[in-house]
Amino acid sequence: MTDSTLDFRVACEDLTRFMQAVLAAAGANQASADAVTRALVTASRMGTDSHGLRLLPHYLQALKGGRINGVPNMQFHQRLAATGFLDADDGLGHLAGYTAMEHAMEMAENVGIGAVAVGNSSHFGAAGCYALAAVECGYLGMAFCNSDPFVLLHDGAKPFHGTNPIAFAAPVAGEEPYLLDMATSSVPWNRVQQYGAIGRELPDQVAADANGQVSRDPSKIAALLPLGGSAFGFKGAGLGGMVEILSSMLSGMQHGFKLLPMGDPDMTTPRGVGHFFLAMNPDAFVDEDTFARGLAEYLADLRTQPAAEGAEVLAPGDREWRCQAQRDAQGIPLDSANQLAYAEMAKQYRIVPLTQLG
């Protein structure tokens, strides 16, 4: 089903301007507004609107209610030469993510690797944004985050893990980065909402109803299946648990099953989300030319592998970079729901509305 309202497109620069202005009006300081805008625009440029522009109204609600601190005093504590902890002071997870990755890269510059656990944080959007922040400075980056329960355990009947994403990015000489950004569930929760909004049936083996039975009807979904579906979900459940340990145990936060839901009507109580970030300097393992040449050869071999009829073999990130090039040229689309939401935000916060590209 095609949504004709996607003809409403806006320039990246205009979306950036709008987001920064409305976040500042809602009480976020400059650093927080810049970080949120950077992450949301990055995600929407790559086509991941579920973790991009669609999230802005939620963050404004959380700022208004006090769940999120718009003027945090984040404190970094370096524990050893390559490890540290960032107390995010209940601030926006995007600022926590970029700040933690900066500290991880500083340690990686000195000792080859840097790892930072983050506590007292909040939702940080797309994990890939922070892995890409490392790549921009020549490092390999990884990002992990726990969340409230949406996903069944293997053979489970009730949600236990969050979608608990894993992101990994590596710099590729002369090309866009290698980028893997995935939930450990079969699909993200936002995919269910998107399919429901356009009346589309879900793929098989990705979600379940309130009884833990696989369903393709978005209106009946109460949980997601772990990566691997009902037959092989022990793989996704295991990966979700790994993310949980890195994100919550190393940061001293509650594990996801005990987190206040992101969509809970209580917008006053901080959630205490945990993250984990890793930066690696490739020069600490092998000389720069060897790494660059090896990765280039690997990707060339991967992309030239035979594909199934009517298909194309792509490396992680290829689809996102194609979308980014298209959206940079043609604008970022807003569906009808987001058009209304952004018009309402403009009115409420007295911000100049987004301008539709002609």
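**Exercise 1. Work out what share of the protein chain is buried, and how the chain is built overall.**

*Solution.* Buried residues account for 50% of the 358 residues in the protein chain. Keep in mind as you go that this is a predicted model.

Next, look at the secondary structure: the protein chain holds 10 helices and 13 strands. Its radius of gyration is 20 Å, close to the 21 Å that the globule rule gives for 358 residues, so the chain is as compact as a globular protein of that length. Along the principal axes, the C-alpha trace spans about 55 × 50 × 45 Å.

Now turn to the contacts. Of those with a separation of 6 or more, 68% are between residues 24 or more positions apart.

Finish with the surface: the protein chain exposes about 16400 Å², and carbon and sulfur atoms supply 53% of that area.

**Exercise 2. Find helix α10 in the structure and decide which residues are buried and which are exposed.**

*Solution.* Start with the helix itself. Helix α10 covers residues 336–349, which is 14 residues. From first C-alpha to last it reaches 20 Å, close to the 20 Å expected at 1.5 Å a residue.

Then pick out the buried positions, using under 20% relative accessible area as the cut-off. In α10 these are Asn338, Tyr342, Met345, Ala346 and Tyr349. They cover an arc of only 100° around the axis, which puts them on the same side of α10. A general rule helps here: an α-helix has 3.6 residues a turn, so residues three or four places apart point the same way.

Turn to the other side of α10, and you meet Ala337, Leu340 and Lys347, which are exposed.

What do the buried residues of α10 pack against? Their partners are α1 (12–25) and α3 (56–65).

One last step takes you just past the end of α10, where arginine 350 adopts a positive phi of about 55°.

**Exercise 3. Check the structure for disulfides, then describe cysteine 12 and cysteine 145.**

*Solution.* The cut-off for the search is a pair of cysteine sulfur atoms within 2.5 Å. Over the whole structure, the search finds 0 disulfides.

Take cysteine 12: the nearest cysteine sulfur belongs to cysteine 323 and is 10 Å away, and cysteine 12 is in no disulfide. Is cysteine 12 buried or exposed? Its relative accessibility is 12%, so cysteine 12 counts as buried.

Now do likewise for cysteine 145. It is in no disulfide, and the nearest cysteine sulfur, on cysteine 129, is 12 Å away. With a relative accessibility of 6%, cysteine 145 counts as buried.

Methods. Residues are numbered from 1 along each chain as its sequence is written. This is a predicted model: local features need pLDDT of at least 70, side-chain atom pairs count only at pLDDT 80 or more; totals for chains, interfaces and linings use all residues. Side-chain values use heavy atoms; hydrogens and water are left out. Helices (H or I, at least four residues) and strands (E, at least two) are DSSP runs, numbered from the N terminus. The expected span of a helix is 1.5 Å times one less than its number of residues. Buried means under 20% relative accessible area, exposed over 50%, partly exposed in between (1.4 Å probe, protein chains only). The arc is that of the directions from the helix axis to the C-beta atoms. Contact means heavy atoms within 4.5 Å. The radius of gyration is taken over C-alpha atoms; the globule rule is 2.2 Å times the number of residues to the power 0.38. Accessible areas come from the Shrake-Rupley method with a 1.4 Å probe; for residues, only the protein chains shown count as cover.
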